[in-house]
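These are my notebook entries from a walk through one model, kept short so that you can follow along. Have the sequence and the picture open beside you.

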Number of protein chains: 2
Amino acid sequence: MPSVIDHDFTTLDERSDLPLYEMVKAQIKLKVETGEWPTNHRVPSENRIVEMLGVSRMTANRALRELATEGVITRVQGRGSFVAPKKRSAGSMGVRNIAEEIGERGLSHHANIILTQTEISGPDLAGALEVEVGSAVHHSIILHEEDHVPIQLEDRFVNAEVAPDYLKQDFSRITPNAYLTSIAPISRTEQYIEAVLPQPWECKLLAIARSEPCLLVRRRTWSSGRAVTSVRLLYPGSRYRLQSSE
Amino acid sequence: MPSVIDHDFTTLDERSDLPLYEMVKAQIKLKVETGEWPTNHRVPSENRIVEMLGVSRMTANRALRELATEGVITRVQGRGSFVAPKKRSAGSMGVRNIAEEIGERGLSHHANIILTQTEISGPDLAGALEVEVGSAVHHSIILHEEDHVPIQLEDRFVNAEVAPDYLKQDFSRITPNAYLTSIAPISRTEQYIEAVLPQPWECKLLAIARSEPCLLVRRRTWSSGRAVTSVRLLYPGSRYRLQSSE
DNA sequence: CATGCAAGGTTCCATATACAAGTTGGAGGT
DNA sequence: ACCTCCAACTTGTATATGGAACCTTGCATG
């Protein structure tokens, strides 16, 4: 004889002093995060949750509704609730890895290392990276190409105290961004986006006309309170646009 | 004799088919966005809203609760609800109100209405707004000035079904963005940012040289599944940069 | 004067109930 | 075979009610 109770759910934890609806949310989140319920898997209906967990329909409703606004599930009236596809959109925009981004478009990525060296920071740079004037700072300039077409000029300074081995990396295999986030998880980022005309040397590297407008992204990132890197990303306006959706 | 009804609130709009709690949210958002209620200003309590608007306490509760998760207000148990300090860089960027942004810098904002009219949508526009070809679509072009210097050219199309009264608004008092979010809360946005050279007519309005690079933000927003607006924001590169930090 | 306490306002949670609106699937007719 | 229509299920909204937890304020008591 089949039990009325679906053993997908354990009973709610009495000891926890979390609100009921939070407990319901936690149960469902668990299934999703462990992968037990894959994308598009059906989530129990509100009435089903009422039966299974013995809560009122309104608290089941609140749990599901909030999970929907959090992007964990999607709900459509008349059909039901389903596990939402994993949200991409790494942050807002920009923190995305240029190599990944190109890969997703099915194109080839190539990193052209223009310069890598360690420098002594002047006042401006020291201010940007929040280090003492005269400190050692790593500097790299890399030209990223998509199918052999230059698409991003990356001019980066790195706090040598945070990433002493930065210049030892093989930047044709791992992007600076990927390396840095792997050794120092980003806790804060600040960025400015503007439209500029390129400098002559930038034109040459990007193979564009002097009059072509470019997107300039200037970004600084911090990890646990310390400035990690300050980078200047220059994109030819005709070949690239930033995208974001949420 | 003082009336029990606080005239801070107008009565709810019967014609709108928005849910009640959304209407309540809209009323409060309007006060906040227009600056009538400054930061830390007290928001009416749930029971006060019940008296004023004649809704049940639970829907007042839902409205305030959602506004709190959206970051519009903060609530503390036992004390009340208060207008939250403007959060820097709403989410990613861009959905910010240009008037607010200028106001924060302590400068004066002026909206110069270039064009407002209703048009019949062609295939491209209909596709962008997800309406039938031939539908009526509102069109507005507004030049925003900061201390009398042109800083943003806003070229906007609005789904007339969602916002039939769009063109009746006084855009020198409330920005299109503020109005639209007040009547149709944003559920999704898609945006592209690119660097372009301006068109001749755009140069003239923005008072810039033909060769000056500009930031172009193209954005579409949805509210509960329906496309609300498609907008093209053009900023002179020398006068503006997008900022975000998280 | 200081401490404590009670009252009233506020948010927060939970439930029961009702109806509206969208989807699906099947029964039953043509 | 096809169509129509309805029943059942789903989410979405709105209301009424009750209690708990928390804060402020003012007053009574020591």
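**Entry: backbone and side chains at DNA strand C**

I started at A:Tyr21, where a backbone N or O atom lies 3.2 Å from a phosphate oxygen of DNA strand C. I was working with polar contacts, that is, pairs of N or O atoms within 3.5 Å; within protein, one atom must be able to donate a hydrogen and the other to accept it, and residues adjacent in sequence count only if both atoms are side-chain atoms. For A:Leu20, I found a polar backbone atom 2.2 Å from a phosphate oxygen of DNA strand C. A:Arg79 uses its side chain: a polar atom there lies 2.8 Å from a phosphate oxygen of DNA strand C.

Before going on, I noted that this is a predicted model, in which local features need pLDDT of at least 70 and side-chain atom pairs count only at pLDDT 80 or more, while totals for chains, interfaces and linings use all residues. Residues are numbered from 1 along each chain as its sequence is written, chains are lettered from A and ligands numbered from 1 in the order in which they are written, and side-chain values use heavy atoms, with hydrogens and water left out.

**Entry: the whole surface near DNA strand C**

Which residues come nearest to DNA strand C? Of the 24 residues around the strand, they are A:Leu20, A:Thr59, A:Arg79, B:Arg57 and B:Arg75. I counted a residue as near if one of its heavy atoms lies within 4 Å of the strand. On the DNA side, sugar and phosphate make up 73% of the atoms of DNA strand C that come within 4 Å of the protein.

I then sorted this surface by element, taking helices (H or I, at least four residues) and strands (E, at least two) as DSSP runs numbered from the N terminus. At least two residues each come from α1 (20-33) and α3 (57-69) of chain A, and from α3 (57-69), β2 (73-76) and β3 (80-83) of chain B. The largest share, 4 residues, belongs to α3(A).

By class, I got 7 nonpolar, 9 polar and 8 charged residues near DNA strand C. Here Ala, Val, Leu, Ile, Met, Phe, Trp, Tyr, Cys and Pro count as nonpolar, Asp, Glu, Lys and Arg as charged, and the others, Gly among them, as polar.

**Entry: DNA strand D**

I repeated the search for DNA strand D and found 25 residues around it, of which A:Arg57, A:Arg75, B:Leu20, B:Thr59 and B:Gln77 come nearest. Sugar or phosphate holds 70% of the strand D atoms within 4 Å of the protein, and bases hold the rest.

Three side chains went into my notes. A:Gln77 has a polar atom 3.0 Å from a sugar or linking oxygen of DNA strand D. B:Arg62 places a side-chain N or O atom 3.1 Å from a phosphate oxygen of this strand, and for B:Arg79 the distance from a polar side-chain atom to a phosphate oxygen is 3.4 Å. Two or more residues of this surface come from each of α3, β2 and β3 of chain A, and α1 (20-33) and α3 of chain B. The most, 4 residues, are given by α3(B).

**Entry: where the chains meet**

Next I looked between the chains. The contact (heavy atoms within 4.5 Å) takes 29 residues from chain B and 29 residues from chain A. The two bury about 2500 Å², 52% of it on carbon and sulfur atoms; buried area is the accessible area (1.4 Å probe) that two parts lose on being put together, summed over both.

How many salt bridges are there between chain B and chain A? I counted 2, a salt bridge being a side-chain nitrogen of Lys or Arg within 4 Å of a carboxyl oxygen of Asp or Glu. A:Arg65 forms one with B:Glu66, their closest N and O atoms being 3.8 Å apart. On the chain B side, at least two residues each come from α3, β7 (188-196), β8 (214-223) and β10 (242-245). With 9 residues, β7(B) gives the most.

**Entry: inside chain A**

I closed with a salt bridge between the side chains of A:Glu70 and A:Lys29 (3.3 Å, N to O). A:Glu70 lies in the loop between α3 and β2 of chain A and A:Lys29 in helix α1 of chain A, so the pair ties together parts 41 residues apart in sequence.
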